[in-house]
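I am opening these notes to keep track of what I look up, entry by entry, as I get to know a structure that is new to me. I begin with how some helices lie against one another and then turn to rings and single residues.

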Amino acid sequence: MRSRFGLKILLVVAVFALCFWRVFGVSADWDAVKQNLADNINLGLDLKGGTHLILQVQVQDSLKAEADQTIDRVKARLSRAGITYTDIRRSDPATIEEADSIQIRLEGTPTDRVGDVRTILDEEAASWLPTSTGGSSFSLNLRPSELLRLKAETLQQSMSTIENRINGLGLTEPVIQQHGRAEAEHEILVQLPGVSDPARVMNLLQMSAQLEIKLVMGGPFVSPEQARSQNNGILPANSELAHYADRGRNEWYLLQRNPVVTGRDLRSATAGRDTQNPGAWQVAFSLSRQAGQRFAIFTAANIGRNLSVVLDRRIQSVASIESRIESEGVINNIDSQTESLDLALVLRAGALPASVVYLEERTVGASLGADSIRQGVRSAIYGVVIIVLLMLVYYRAAGINANIALFFNLLILLAVLSAFGFTLTLPGIAGIILTIGMAVDANVLIFERIREELREGKAAVAALNAGFGKAFLTIIDTNLTTIIAAAFLFLFGRGPVRGFAVTLAIGLLANLFTSVFVSRLIFDLTTWRKQKLTELSI
């Protein structure tokens, strides 16, 4: 008997000590205990304050980029095959609603080479469905399966990039998930508890940071019109104009359309002071091995010509190629340290596949979060106090047993939240309060069963055994069915609903341990020395 009780007592004490240490730490200083509690329990946006954002991914941007890449491939293939054409262009959907209408038009190919053109389109534009529009012209529309795939990939890649950027800031417990009831909405929910500079974060999330290094074909020009006039009124093939504005300079350059290196080729990026201009900042970057080899061959073949660093379609710097460059580069002319740090972070995280716009932005103040905590904790304390008093009055000494199990239940719940890094939200506090009710309900079931057995004339120990035995399956049934419901809330719910489900499920699992095992152990410890126990204080 003693050895059996000893193992049970050792288990309960070990669980209690571990949970207490996990939540409150080990310190005799009250301020240190409060600090440990604050550090160990992650608070959600509604309790801690912070920023709530809903972003919409402009998926039409990625569809246009896919169309541009397809056009470049088709052009190159037509050129190699010696097939002429009068025009090849894409449509320009401006909104998400127009994204599905993306189309490529190829016009003016020779009528005697229509078969060759179709072969090229089938091979170089396999994701597109070509349709003859009469004679030697074609229109290409994205296949429905490819349209859905590109949209889904754009949304997922945007979420991954945003998550990398936020993690780079060192923010704790951010929430980044798809928002809305349908994937067609292409919305992302971002919640950032404890953010002190929401404007910086919003700018960081919206920054495209599409880095490209391109060869300069001409310039500088004072205006786009001057650039065109020096090229017989039109831009040369495979070229584009880009603007360069820097500390009084307002120039235009003619660049090669195809970049030598892009942001996808970066291996790392680091912010630092500009060595050429002490008052400015810069971002030094290094290229991957393959990109470095490609860049070295290119620069060696173009010594003496100019190279431009383009960020989000604006020129950041223009420099002459003095020698072979392998894997290092610098972005100059950055105004502040924060801007350089953010740019380096964004370059490391990767460029967004499409631009994003803010549909909703809310800032929850820390004072509102503190009020929510006070109100939630106050309501939980009031509920616990009332329940404790009622249990003591109604069940007498057995009520002490129930109250000990109840506090143990709450301690286990907080410890699990801390150990697994779950975030406590206001709905989570509601889940804790409901857990208190369920825990009391389990004890009521057991105690009433014991009372029934005592009324039937059974001895105290026999009544205890029968009460716990008969109530056990009922407790298992009620708790498990509620846990299953909480699991569905967690799987299909979002945000606050999931916070409620987490605390409810953890609390109910803890309740199975405390109401059946801990409560029974307390009864056994109070009765095992009394060989002929005649009554129970219940």
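**Helix 13 and its partners**

I started with helix 13 and helix 15 and noted that they run roughly parallel to each other, which follows because their angle of about 30° is below the 35 degrees under which a pair counts as roughly parallel. I keep in mind throughout that I am reading a predicted model. Helix 15 covers residues 496–527, and its axis lies 8 Å from that of helix 13. I looked up the handedness of this crossing and found it right-handed. Sorting the residues of the contact by class, I found 14 nonpolar, ten polar and no charged residues.

Next I turned to helix 12, residues 397–419, and its packing against helix 13, residues 426–455. The angle between these two is about 145°, and their axes are 10 Å apart. Here too I wrote down a right-handed crossing, with helix 12 passing helix 13. On the side of helix 12 the contact is made by Ala398, Ala402, Leu406, Asn409, Leu410 and Leu413, while helix 13 brings Ile432, Thr435, Ile436, Ala439, Val440, Asn443 and Phe447. I sorted the residues of this contact as well, and they divide into ten nonpolar, three polar and no charged.

The third partner I checked was helix 14, residues 460–492, which packs with helix 13 at an angle of about 145° and with the axes 8 Å apart. Helix 13 passes helix 14 in a right-handed crossing. From helix 13 I listed Met438, Ala442, Leu445, Ile446, Arg449, Ile450, Glu453 and Leu454. The residues of helix 14 that they meet include Ala460, Phe468, Lys470, Thr474 and Thr482. By class this contact has 13 nonpolar, four polar and three charged residues.

**Aromatic rings**

I then asked myself how many aromatic pairs there are. The count comes to twelve aromatic pairs, and I followed two of them in detail.

In one of them, the ring centres of Phe408 and Phe513 are 6.1 Å apart and the planes stand at 70°, so I entered the pair as edge-to-face. This pair links distant parts of the chain, since Phe408 belongs to helix 12 and Phe513 to helix 15, 105 residues apart. I also compared how much of each residue is accessible: Phe408 counts as buried at 5% relative accessibility, whereas Phe513, at 22%, counts as partly exposed.

For Phe447 and Phe523 I noted ring centres 5.8 Å apart and planes at 90°, so this pair is edge-to-face. It links distant parts of the chain, with Phe447 in helix 13 and Phe523 in helix 15, 76 residues apart. Both Phe447 and Phe523 are buried. Phe447 was already in my list for the contact of helix 12 with helix 13.

Which residues do ring pairs link into a cluster? I found Phe16, Phe20, Phe24, Phe408, Phe513 and Phe517 in it, so the pair of Phe408 and Phe513, which I had entered as edge-to-face, reappears among these names.

**Single residues**

I looked up Val261 and placed it in strand 12, residues 261–262. Is Val261 buried or exposed? With a relative accessible area of 2%, Val261 is buried. Its C-alpha atom is 5.2 Å from that of Ile213, although the two are 48 residues apart in sequence. Leaving aside residues up to four places away in sequence, Val261 touches Leu211, Glu212, Ile213, Leu287 and Phe295.

Ala237 sits in the loop between helix 8 and strand 10, and at 69% relative accessibility it counts as exposed. Between the C-alpha atoms of Ala237 and Gln256, which are 19 residues apart along the chain, I noted 8.9 Å.

Two backbone details complete the entry. The peptide bond from Gly219 to Pro220 is cis, with omega near 10°, and Pro220 lies in strand 9, residues 211–221. Arg396 has a positive phi of about 55° although it is not a glycine; I found Arg396 in the loop between helix 11 and helix 12, partly exposed with a relative accessible area of 46%.

Key:
Residues numbered from 1 in each chain as written. Predicted model: local features only at pLDDT ≥ 70, side-chain atom pairs only at ≥ 80, totals over all residues. Heavy atoms only, no water. Axes fitted to C-alpha atoms, helices over the stretch in contact; angles between N-to-C directions. Helix = DSSP H or I, 4+ residues; strand = E, 2+ residues; numbered from the N terminus. Left-handed = near helix turned anticlockwise from the far one by under 90°. Contact = heavy atoms within 4.5 Å. Nonpolar A, V, L, I, M, F, W, Y, C, P; charged D, E, K, R; others polar. Parallel < 35°, antiparallel > 145°, perpendicular 65-115°, else oblique. Phe/Tyr/Trp six-rings, centres within 6.5 Å; stacked < 30°, edge-to-face > 60°. Buried < 20%, exposed > 50% of the residue type's maximum accessible area, 1.4 Å probe, protein only.
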